Amino acid sequence: MAITREEVRHIALLARLPLNADEEIAFAQQLDHILAAFTNLDRLDTTGVEPTAHIAPLATPFRDDVVSTTPDPDAWLANGPARDGRFFKVPKIIE
Amino acid sequence: MTTPATGGGGGAPGSALVDLTIDAAAAALRARRVSSTELTTAALARIEATEPTLHSFITVTPELALAQAREADARLAAGAPRGPLDGIPLAIKDIINTRGVRTTAGSRILEQFVSPYDATVTQRLRAAGAVCVGKANCDEFAMGSSNESSAYGGARNPWDPTRVPGGSSGGSASAVAARQCLGALGTDTGGSIRQPAAHCGIVGLKPTYGRVSRYGVIAYASSLDQVGPMARTVRDCAHLLGGIAGHDRFDSTSVPRPVPDYAAALDGGVRGLRIGLPKEYFVEGMSPEVADAVRGAVRQLEALGAVVEDVSLPHTEYAVAAYYLIATAEASSNLARYDGTRYGLRVDRGQGLLDMYQQTRGAGFGAEVKRRIMLGTYALSAGYYDAFYLKGQQVRTLIRRDFEQVFSTCQAIVTPTAPTTAFRLGEKITDPLEMYLSDIFTISVNLAGLPGLSLPCGFDRQGLPIGLQIIGRPFDEETVLRAAHAYEQSTDWHQRRPDL
């Protein structure tokens, strides 16, 4: 396995991370090194083994659809990096 | 390196009070021999004296602590304490939301974030009357095994400040070991409570997945994360677990089971208890001193009447790979919420939405977080999902079955907590894979969702603590605590303390 810089660039775009040239090279090497170590999993035959997504023995819990009071919106908006009244302000979505 | 438990604490003010266990402090508070304000003042003085060396905290909260202490004193004066945690100074890992207090998760991206709500565990500690002295340092988003990935600079090990305290709950462990508080909460995704507990010579318990609510705990890998107690004795951990455990309708993975009286379950010893010793946990590369100390602890448990048998967990060697594929995949999804829109850092050069996302995340996340997001995004991406993420989940099933097999005859499993004692700052930071291997003995427990506890079982020649891990059946924290308590009461490791 050899992870290319192009693959790293593609993954970074999917992850919304901007990488400079040095980071692209470093991540390509590190991911390659880490994933190469993880290829030991290939030695295991997992045909027909059910995947475990999580361990708690639970079904999806349901609750009644009841209107409840919203906590103070100002408290939740207070951490917003930019706001306009009761709205979060963001850059234009459609160019 | 060590001084007796009754020693002077290196002359730090209030050391006699901060040496109290939670259990002893609760008794002293009820007997009115001490007030919560005195205890809290002593803890804050200890923080002030040792924090320049240790950096266990990202935020210290003296005003909140003293206000909570005064309220506790009023309840105690009225003869109405709320339980064993009322008036007790505790630290809370900075990845757990606390209403009105800055909560950073060790990340620049949340540097200014003041939580508008309490995590369920925080709310339960408040309701129990506990005093919050501060938010403990941690690896960024709990991603690390040394504290070196904290954006605010990592905590140090109280036994030797040139060494790491472990991670990611290293600040919590350091604070407890250094008597900056009487107990703490940590979180454990792949060993983040147990490994720092081992490195700092304290007791740390990762409960069964679903035992403690994750609501309000900043998510790293949701199917693995669990909050748990860290303290200087097993009994103190039992008190803390009793304070935070139980069903929570705000967490859909929280399990609706009654909470036992953990402190009452400590006695009874280990006579006849069947304990498994997995051969796969004594691996090449581990410190011989750690192996010796753990084998010594096993002989001690046998002397106390436990029946120890050799067992096998054959898929152990695959745990690290399965863990990092699953955990990073979940992390890449969980950390998508840090986009500069609703909270946290925003970097906006006015060049559109995608640019805002990228610049914000580029500036807000540190190298280890980016690495794990990249790894997780890769493992989930088209063409690699089956080879990596699905494979990891299938191996998780095999690891879970290994434990089920052993637990069909054994009631507990004993292993080392970490392959070595605390390593030096900088020693592993340049090799991510090497760092990932420091959690080799703790990771399987998270994959299988089991309870696991680390407690001190010796010291190496350099005076650094060694941890013993006890793993239990699902929701059987009582047996784990009982075995740990029996061992602890027959040794004096837990009474040693760092000379700061």
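**Close-up views of a predicted model**

**View 1. Val90(A) and a nonpolar surface patch.** Val90(A) counts as partly exposed because its relative accessibility is 36%, and partly exposed covers values between the 20% limit for buried and the 50% limit for exposed. The model shown here and in the other views is predicted. Val90(A) is found in the segment that follows strand S2 (87-88) of chain A. Together with Phe88(A), Ile93(A) and Ile94(A), Val90(A) makes a nonpolar surface patch of about 400 Å².

**View 2. Helix H2 of chain A and helix H12 of chain B.** Helix H2 of chain A spans residues 21-38, and helix H12 of chain B spans residues 367-380. Their axes come within 11 Å and cross at roughly 60°. H2(A) and H12(B) are therefore oblique to each other. The crossing of these two helices, H2(A) and H12(B), is right-handed.

**View 3. A salt bridge within helix H12 of chain B.** Arg372(B) and Glu368(B) form a salt bridge, with 2.7 Å between the closest N and O atoms. Because Arg372(B) and Glu368(B) are four residues apart in helix H12 of chain B, about one helical turn separates them. Arg372(B) and Glu368(B) are both buried.

**View 4. A salt bridge between Arg497(B) and Asp19(B).** The side chains of Arg497(B) and Asp19(B) meet in a salt bridge at 2.3 Å, N to O. This pair links distant parts of the chain, 478 residues apart. Arg497(B) belongs to strand S13 (residues 497-498) of chain B, whereas Asp19(B) sits in the loop between helix H1 (15-18) and helix H2 (22-30) of chain B. Both partners, Arg497(B) and Asp19(B), are buried.

**View 5. A salt bridge between Glu289(B) and Arg461(B).** The side chains of Glu289(B) and Arg461(B) meet in a salt bridge at 3.7 Å, N to O. Glu289(B) lies in helix H9 (residues 288-303) of chain B and Arg461(B) in the loop between strand S11 (452-459) and strand S12 (465-472) of chain B, so the salt bridge ties together parts that are 172 residues apart in sequence. Glu289(B) has a relative accessible area of 23% and is therefore partly exposed. Arg461(B), with a relative accessible area of 75%, is exposed.

**View 6. Salt bridges over all chains.** A search of the whole structure finds 22 salt bridges over all chains. One of these is the pair Arg497(B) and Asp19(B), whose side chains meet at 2.3 Å, N to O.

Terms used
Residues are numbered from 1 along each chain as its sequence is written. Chains are lettered from A and ligands numbered from 1 in the order in which they are written. This is a predicted model: local features need pLDDT of at least 70, side-chain atom pairs count only at pLDDT 80 or more; totals for chains, interfaces and linings use all residues. Side-chain values use heavy atoms; hydrogens and water are left out. Patches are made of residues with over 30% relative accessible area and no salt bridge: like charges are joined within 9 Å, nonpolar side chains (Val, Leu, Ile, Met, Phe, Trp, Tyr) within 5 Å. Accessible areas come from the Shrake-Rupley method with a 1.4 Å probe; for residues, only the protein chains shown count as cover. A salt bridge is a side-chain nitrogen of Lys or Arg within 4 Å of a carboxyl oxygen of Asp or Glu. Buried means under 20% relative accessible area, exposed over 50%, partly exposed in between (1.4 Å probe, protein chains only). Axes are lines fitted to C-alpha atoms, for helices over the stretch in contact, and angles run from 0 to 180 degrees between N-to-C directions. Angles under 35 degrees count as roughly parallel, over 145 as roughly antiparallel, 65 to 115 as roughly perpendicular and the rest as oblique. A crossing is left-handed if the near helix is turned anticlockwise from the far one by less than a right angle, and right-handed if clockwise.
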